[in-house]
Amino acid sequence: MMEKRLKAYTLFSSSSGNCSFVEYGSDKLLIDAGASAKAINDSLLSLGSDLSAVRGILVSHEHSDHTKGLQVISKRYGIPIYTSEKCMSYIGVNSPDAEEMLINVEAGDTLHIGDICVNVYPTPHDSVRSFCYRLQAGNTTLGYATDIGHISDAVQDAVFGCDAVVIESNHDLFMLENGPYNATLKRRIAGKKGHLSNDACACLAPVLARCGTRSIVLAHLSETNNTPEKAYEASRSKLREYGVTIAGETFAADLRLAVAAPKHIVTVIE
Ligand SMILES: [Zn+2]
Ligand SMILES: [Zn+2]
């Protein structure tokens, strides 16, 4: 029998659409569904899976970049949706069938989706209710935190010590300050309940490395106020400052650092 391993991929990741896929043998789940059912299904097909095999969708919060595919997916595939009661009224899943698929989740909960165990933590974000996650299957752990205004204690609890971590690296502070957004929006994004900057994310990277993380994927990049190069370079330089070596740069590297892409699959762990 083939050994089961926890695998995770970002399928879509940017401020305009987010969806990730996690699998452990036949247990498969999505984190967020911020792309069309067809786009998500096509993406899953290229990983040898499809939406009909998905056992659950963890919905981090109600914002449309995390939920826009949900209505069609829940209607067509009847997949259980795990989110807070507060978010449910916002996510447009309003057929009676779909309502049955909604499973109320609150911070502090532990979910079991097949053999995948999910611990739910609150995030500091300007939504009605928002979560990040720590997933475990077999001996492998995955931390997943996007849409975080800052690294709160709960976010640390979710990600510290995980083998692989998907973490927000939303904006370059200079680009945000000098970019096209109005002052209110700039303040919202940079605020304690907005989005995590490249610099704030980069400060966390060496701590993650020291706690044993072997793969970091920078996610939820702003398409207006960031570039993949800037996000990568911010974390890379902090890691190097702390003597952490990165795959691709030395032979026996401490960890792998990657940037999630808006519309194609990036491996987090496999
Ligand atoms: Zn959000
Ligand atoms: Zn978002």
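**View 1. Irregular donor arrangement around the zinc ion (ligand 1) in the predicted model.** The four donor atoms around the zinc ion (ligand 1) subtend angles of 91 to 170°, and the arrangement is therefore irregular. The coordinating atoms come from H61 (NE2), H63 (ND1), H125 (NE2) and D147 (OD), at 2.2 to 2.5 Å. Along the sequence, these donor residues of the zinc ion (ligand 1) follow the spacing H-x1-H-x61-H-x21-D. Distant parts of the chain are thereby linked, with H61 in the loop between β4 (56–58) and α2 (64–67) and H125 in the loop between β8 (116–122) and β9 (131–137), 64 residues apart. H61 counts as buried, with a relative accessibility of 1%, and H125 likewise counts as buried at 1%.

**View 2. Coordination of the zinc ion (ligand 2).** D65 (OD), H66 (NE2), D147 (OD) and H220 (NE2) coordinate the zinc ion (ligand 2) at 2.1 to 2.2 Å. Angles of 91 to 169° among the four donor atoms accompany an irregular site, and the donors are spaced D-H-x80-D-x72-H along the chain. Here the linked parts of the chain include D147, in the loop between β10 (140–145) and α6 (153–159), and H220, in the loop between β12 (215–219) and α10 (228–241), these two residues being 73 residues apart. H220 has a relative accessibility of 1% and so counts as buried.

**View 3. D147 between the zinc ion (ligand 1) and the zinc ion (ligand 2).** The two zinc ions are 3.4 Å apart, and D147 coordinates both. This shared residue, D147, counts as buried because its relative accessibility is 1%, under the 20% cut-off.

**View 4. The open sheet of seven strands.** The strands of this sheet are arranged in the order β7-β8-β9-β10-β11-β12-β13, with mixed pairing. At the edges lie β7 (110–113) and β13 (256–259), each of which pairs on one side only. Neighbouring strands of the sheet are turned against each other by 15° on average, direction ignored.

**View 5. Pairing of β7 with β8, and the helices that pack on the sheet.** The strands β7 and β8 run antiparallel and are joined by four bridges; within β8, V118 is the bridge partner of L111. Helix α9 (residues 198–210) packs on the sheet, where α9 touches β11 (164–168) and β12, and the direction of α9 makes about 170° with that of β11. Helix α10 also packs on the sheet, touching β12 and β13, and the direction of α10 makes about 160° with that of β13.

Notes:
Residues numbered from 1 in each chain as written. Chains lettered and ligands numbered in written order. Predicted model: local features only at pLDDT ≥ 70, side-chain atom pairs only at ≥ 80, totals over all residues. Heavy atoms only, no water. Donors = N, O, S within 2.8 Å, 3.2 Å for Na, K, Ca; no water. Tetrahedral: all angles 85-135°; square planar, octahedral: opposite > 155°, others 65-115°. Buried < 20%, exposed > 50% of the residue type's maximum accessible area, 1.4 Å probe, protein only. Pairing = 2+ DSSP bridges. Axes fitted to C-alpha atoms, helices over the stretch in contact; angles between N-to-C directions. Contact = heavy atoms within 4.5 Å.
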